[in-house]
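This briefing covers the fold, the surface, the nonpolar cores and two single residues of one protein chain. Please keep the sequence and the 3D view open while reading.

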Amino acid sequence: MLKEGITGEAETIVSEDNTAIKMGSGTLPVFATPAMVATVEKAAWSSVAGELDEGQSTVGTAMTLSHESATPVGLKITAKTTLTAIDRRKLTFSWEAYDEAGIIGRGTHERFIVDNEKFVSKAERKKS
């Protein structure tokens, strides 16, 4: 059952592939902000996936963040989310991300519950 307080967690290791240089978000060999966003999204969607009806999933629609500390290649990143509000199909999460030295970012994230088939069909209609 979908309820406030559900928590999620996702981890990644900082590698050359998720640095600001490689992702095009900067010029330094540190964990990229877009990679932090992706790690947070994984923690959030995976935390509620098992509580949705068959044929449903969630899509990210908003993210607020502060990226407070740089993380070099080789360190582990952990993102932790908490479902703080449910408004019909809109889910709001608070989140924090850490490396092995401490907090590196925090913010909020919104996701919407969607019907997979309808969502993909609507996206595909953009091709015609």
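Two residues are said to be in contact when they have heavy atoms within 4.5 Å of each other. The model described here is predicted. Its chain holds three helices and five strands, and 31% of the 128 residues are buried.

**Fold and dimensions**
- Read from the N terminus, the elements follow the order β-α-α-β-β-β-β-α.
- Along the principal axes, the C-alpha atoms occupy a box of roughly 40 × 40 × 20 Å.
- Of the contacts between residues at least 6 apart in sequence, 63% link residues at least 24 apart.

**Surface and charge**
- About 7600 Å² of the chain is exposed, and carbon and sulfur atoms account for 52% of that area.
- The side chains include 15 positive and 18 negative ones. The centres of these two sets are 7 Å apart.

**Nonpolar cores**
- In soluble globular proteins, nonpolar side chains tend to be buried together.
- Here the largest nonpolar core comprises 14 residues. Phe31, Met36, Ile77, Trp95, Ala97 and Ile104 have the most contacts inside this core.
- At least two residues of this core come from each of helix H2 (33-48), E3 and E4. H2 gives the largest share, with four residues.
- A second core, separate from the largest one, has nine residues, among them Leu2, Ala44, Phe93 and Ile113.
- Beyond its neighbours within four places in sequence, Met36 touches Phe31, Trp95, Ala97 and Ile104, and its contacts also include Leu65, Ser66, His67 and Gly105.

**Ser47**
- Ser47 is part of helix H2.
- Is Ser47 buried or exposed? Its relative accessible area is 15%, and Ser47 counts as buried because this value falls under the 20% limit.
- Setting aside neighbours within four places in sequence, Ser47 is in contact with Ile6, Thr7, Gly8, Thr81 and Phe93. One of these partners, Phe93, is also listed in the second core.

**Arg88**
- Where is Arg88 found? Arg88 sits in the loop that runs between strand E3 (76-87) and strand E4 (90-99).
- The relative accessible area of Arg88 is 72%, so Arg88 is classed as exposed, the cut-off being over 50%.
- Most residues other than glycine have a negative phi. Arg88, which is not a glycine, has a positive phi near 55°.

Conventions:
Residues are numbered from 1 along each chain as its sequence is written. This is a predicted model: local features need pLDDT of at least 70, side-chain atom pairs count only at pLDDT 80 or more; totals for chains, interfaces and linings use all residues. Side-chain values use heavy atoms; hydrogens and water are left out. Buried means under 20% relative accessible area, exposed over 50%, partly exposed in between (1.4 Å probe, protein chains only). Accessible areas come from the Shrake-Rupley method with a 1.4 Å probe; for residues, only the protein chains shown count as cover. Lys and Arg count as positive and Asp and Glu as negative; His and the chain ends are not counted. The place of a charge is taken as NZ of Lys, CZ of Arg, CG of Asp or CD of Glu. A nonpolar core is a set of buried Ala, Val, Leu, Ile, Met, Phe, Trp, Tyr and Cys residues joined through side-chain atoms within 4.5 Å.
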